[in-house]
Amino acid sequence: MRATSLLVGYGESVDSAVCPPVTIEVPAGRALAIVGANGTGKSTLLRAFVGLLPALSGRVEVLGREVDEREASFRAAVSTVMDEDTSFPSLTVREHLLLLARGHGVSRASALVTELIAEFGLTDRAAAMPTALSSGQRRRMLLASAFVRPRRVLVLDEPEQRLDAGMRDRLAQRLIAERADGVTVIMATHDPALVSTVATEALLISEKAARRTSPKDAVAAIEAL
Ligand SMILES: Nc1ncnc2c1ncn2[C@@H]1O[C@H](COP(=O)(O)OP(=O)(O)O)[C@@H](O)[C@H]1O
Ligand SMILES: [Mg+2]
């Protein structure tokens, strides 16, 4: 993933940018933590990275090509966990995950779904409707759904949200394994442990600048927020 002089925002012109310009490159197998106070533009940047929001100016390339959310090869490669929380009314947790896996042509879909349901602590709730889950359980279903499909880039918006300490730790181990598989991980986070265990680099955003730092400096920045 490479962003070059990227400006993001919700208006028409560069005057509506929500944060300073971002230039960053994250190669395969590396993990970028995006760190900054609430409202500094982390989620907005992630939306631009995955093609949900057009750049006001500058460029975003994923896997060597300009992002285009409409392109099937892009959607096949980029797995996301953003803020959305939508589900089909008549499908259980297990059926949601199976639908995604099969839709992406995963072989051994059923076994993989069983493993992920266990990993994310949902075995007891596999037959429940998502609307009957607690917010933490729904969040874990959303996380599981990111790993049930093929991916070369994984984009996560505050994946630590609503997870207890044990599950955060499990998520960190999972993300380390993703990196080892050559996945590019990009996450906005406020979790120092996730930054120090998973991230190989960080982007620190403030009103003044968006600058690349070490994970260690990013942890210090989180603690100072
Ligand atoms: N859909 C939207 N339309 C207009 N402004 C938005 C929208 N979403 C977020 N913003 C604004 O953009 C700025 C950055 O928000 P956001 O990217 O969500 O920050 P963060 O994720 O770092 O907390 C904030 O001022 C926020 O109010
Ligand atoms: Mg956000």
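Helices here are DSSP runs of at least four residues, numbered from the N terminus. Keep that in mind for these exercises on a predicted model.

**Exercise 1. Find where Arg 108 sits, and work out whether it is buried or exposed.**

Solution.
- Start with the location: Arg 108 belongs to the loop that links helix H3 (93–103) and helix H4 (109–119).
- Next, count neighbours. A residue is exposed if 12 or fewer other C-beta atoms lie within 10 Å of its own. Arg 108 has 10 C-beta neighbours inside 10 Å, so it counts as exposed.
- Now check the backbone. Most residues other than glycine have a negative phi. Arg 108 isn't a glycine, yet its phi is positive, at about 55 degrees.

**Exercise 2. Do the same for Ser 5: which element holds it, and is it buried or exposed?**

Solution.
- Ser 5 lies in strand E1, which covers residues 2–7.
- With 11 C-beta neighbours inside 10 Å, Ser 5 is classed as exposed.
- Its phi is positive too, about 45 degrees, although Ser 5 is not a glycine.

**Exercise 3. Lay out the open sheet: what is the strand order, and which strands are at the edges?**

Solution.
- The sheet has four strands, ordered E2-E1-E4-E5, with antiparallel pairing.
- Strand E2 (22–25) and strand E5 (65–66) each pair on one side only, which makes them the edge strands.
- Zoom in on E1 and strand E4 (residues 57–62): they run antiparallel and are joined by four bridges. Arg 2 stands opposite Glu 61 in E4, and Thr 4 faces Arg 59 in E4.
- Move on to E4 and E5, also antiparallel, with two bridges between them. Here Val 62 stands opposite Arg 65 in E5.
- Finish at the turn: E4 and E5 make a hairpin with two residues in between, and Leu 63 in that turn has a positive phi of about 55 degrees.

**Exercise 4. List the residues around ligand 1, then sort them by class.**

Solution.
- Going along the chain, you'll meet Tyr 10, Val 18, Gly 36, Asn 38, Gly 39, Thr 40, Gly 41, Lys 42, Ser 43 and Thr 44.
- By class, this shell around ligand 1 comes out as two nonpolar, seven polar and one charged residues.

**Exercise 5. What feature does UniProt place at residues 1–224, and how far apart are the end C-alpha atoms of that span?**

Solution.
- The unreviewed UniProt entry gives "domain: ABC transporter" for residues 1–224.
- In the model, the end C-alpha atoms of residues 1–224 are 28 Å apart.
- As for make-up, the span is 37% helix and 21% strand.

Key:
Residues numbered from 1 in each chain as written. Chains lettered and ligands numbered in written order. Predicted model: local features only at pLDDT ≥ 70, side-chain atom pairs only at ≥ 80, totals over all residues. Buried ≥ 20, exposed ≤ 12 C-beta atoms within 10 Å, placed from the backbone. Pairing = 2+ DSSP bridges. UniProt positions renumbered as here; feature names shortened; annotations may be inferred. Near = placed C-beta within 6 Å. Nonpolar A, V, L, I, M, F, W, Y, C, P; charged D, E, K, R; others polar.
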